[in-house]
Amino acid sequence: YIIPAEARQAMEEKYRLCDDTLSQLLSWVAEVEDRLASQDVAQEDIDQLRNQINILKLVKEELESQARPVANCLDQVRVVVTTGGEYLSRDEVLSLEKNGKALRLRYDRANDRTDKLMRRLTAAKDELNKFKSELTTFTSWLDKARHSLEDRERSFAQLNKMDVSSESTREFVSDVIAHQADLRFITMAAQKFFDESKEYLTCLNEFRTSLPARLPHVEPVSPQDSAVRNTVQVITQQYRDLLGRANALSDRLSGVGGRQREYRDALDKARAWLRDAEPRANKVLSEPVAADPHTLEDQLSRAKTLNNEFVAQGRLIDNAKQAVESLVRSVEGQVSPGELASLQEPVRDLEAKYRQLSDSLAQKCQLLETALVQSQGVQDALDSLLAWLNSAENTLKDMTRPVSLQKERLEDRLREHRVLQSDIDSHQPSVESVSRTAQDLINTASNPRLAKKIETKTKDVVTRYEKLQDKCHRLGESLSEVHHALCLFSGEAAELERWLGEASEALSEATTVVRVDELCKQRDSRKDRLETTLRDGRTLISKKDVTDTGNVRDRVKALETQWRELNLLLEDRQRLGKARTEQLMA
């Protein structure tokens, strides 16, 4: 019986050694578990995050260094459990087997969780590095772009640099829009960092709750306390502000650039015509009044023809005045008074020269009319005036047809009216002169029948002339009123149509919620303007004695349709953007 006793003693020694080793390793695993469970959320500072990874690396190295002792211990446990049943109690074997299984389970779990936590933190660090790198580049560009925009806003006051500024500003706005992609990269890197941090925290909390102590969850960083999330919000808002200001400046430059081109074109056309007409006018004005009726009639005919040309071409001066007024309104408050004066001065000089020549020609016509009447007998003068009245009345009757709402036809009517009005005004001295001469003749006439005939003709001429003058004046007021309303409607409609076209194009190219929101703000700022324009168009259509209303009616309908379609598109894009944002934030 000596051999079995030595075998039992040897087995008991193996058991004690194995049990001690198991206890030590289980104590060590518990310490490792505590160190893993004490890890915090993924830090948003790159150095602190690197320290977290280094701590996990040390834990991983320690686990790897204990892999052989753990394996040896578990081998010894298997040997003792397999061969020690004869020498050890059942409880000792079961305890040893249970502790061996616990060691294997807890060691493998600690090793697995350490790997997963390290992978998640390393991925989070990579995304945070990308975020920081992209953010540094983007912030540097944003500062430069902001300074550039401020310089452009200040240089907006320099109209002589407008053409160059407009082109470079378009390039600048394109560059700002292109940087939406950079902002998306920053947002994506931040989101991926949050995703990896979330996975890391989920893994950590699962490990904590799996421990015997069932530790509570580590709470994530709240959105308002997240430096990365706050940075993304700030940089996004700064970019939105920059994009909004850049688009607003581009819109202003586009509007001002168009008005500046219209101003130059109108001024050049008026100057070119006046350069040609001025020598011809001076020649007519410098001719002395002829003595014989035949030469007088020739002078009067040439003077009237040129006077009619001046009346008709007054639209060139009006166009230049309207163009400069429109340009001044668009830049008022943004350019210096000196710049405004430099715009208005050429038009004022042009108008002054036109008025001086036009008034002189009208006076010349009146002078020649009076001289012609004086060179004729009273009877001939009255007959001549009656013939002219018949012609003028017929011309006026033709003009009283319904007013066309097609701008070209309406302006033709206005020019015809100005020519007739000028002709009527130029005959006033002749009518007054004949009336005085006839009255003198009636008072001194020796033939009562002749005097009565002349008196009847004179009253007829004066009465018809006054009626003609009154009707022509009222027609002019009516035509001018319709023309002003049509120009106002057409100008506003064209501006709205231009913006609606640009907005639709911009919306089709918009890739971010920022640009869609900016377009919504622009739309809201133009809502009152649209309603006023539509109301003006409907008022024009409903006026009495107007024709060719189809163009205005079609533009009103088209504006309503374009506005409605843009609203639907904006609402769809806003819903889509909101859904996408909610999906990203989920």
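Start by selecting Lys-116 and Asp-112 in this predicted model. Their side chains form a salt bridge, with 3.7 Å from N to O. Both residues belong to helix H4, where they sit 4 residues apart, about one turn of the helix. Colour the pair by accessibility next: Lys-116 is partly exposed because its relative accessibility is 33%, and Asp-112 is also partly exposed, at 32%.

Stay on helix H4 and move along to Arg-146 and Asp-143. This is another salt bridge, and its closest N and O atoms are 3.1 Å apart. The two residues are 3 apart in helix H4, so about one helical turn separates them. Arg-146 has 25% relative accessibility and counts as partly exposed; Asp-143, at 34%, is partly exposed as well.

Now for a pair that spans two helices: select Lys-457 and Asp-383. The closest N and O atoms of this salt bridge are 2.7 Å apart. Lys-457 is in helix H13 (residues 448-509) and Asp-383 is in helix H11 (residues 378-399), so the pair ties together parts 74 residues apart in sequence. Is Lys-457 buried or exposed? At 19% relative accessibility, Lys-457 counts as buried, because the cut-off for buried is under 20%. Asp-383, with 36%, is partly exposed.

To see a network, pick Glu-33, Arg-106 and Arg-109, which are linked by salt bridges. If you list every salt bridge in the whole structure, the search gives 38.

Next, hide the charged side chains and turn to the nonpolar ones. The largest nonpolar core has 67 residues, and those touching the most other members are Trp-28, Leu-36, Leu-103, Phe-131, Phe-138 and Trp-141. Helices H1, H2, H3, H4, H5, H6 and H7 each give two or more residues to this core. Which helix gives the most? That is H4, with 17 residues.

Centre the view on Leu-36. Leaving aside residues up to four places away in sequence, Leu-36 touches Leu-56, Val-59, Ala-110, Thr-114, Leu-117, Leu-204 and Phe-207. Then jump to a second, separate core of 52 residues, whose members include Leu-486, Val-516, Leu-534 and Leu-566.

Finish with two ranges from the record. An unreviewed UniProt entry lists residues 39-66 and 107-134 as "coiled-coil region". In the model, residues 39-66 are 71% helix and 0% strand, with end C-alpha atoms 21 Å apart. Residues 107-134 are 100% helix and 0% strand, and their end C-alpha atoms are 41 Å apart.

Notes. Residues are numbered from 1 along each chain as its sequence is written. This is a predicted model: local features need pLDDT of at least 70, side-chain atom pairs count only at pLDDT 80 or more; totals for chains, interfaces and linings use all residues. Side-chain values use heavy atoms; hydrogens and water are left out. A nonpolar core is a set of buried Ala, Val, Leu, Ile, Met, Phe, Trp, Tyr and Cys residues joined through side-chain atoms within 4.5 Å. Buried means under 20% relative accessible area, exposed over 50%, partly exposed in between (1.4 Å probe, protein chains only). Contact means heavy atoms within 4.5 Å. UniProt positions are given in the numbering used here, feature names are shortened, and annotations may be inferred rather than shown by experiment. A salt bridge is a side-chain nitrogen of Lys or Arg within 4 Å of a carboxyl oxygen of Asp or Glu.
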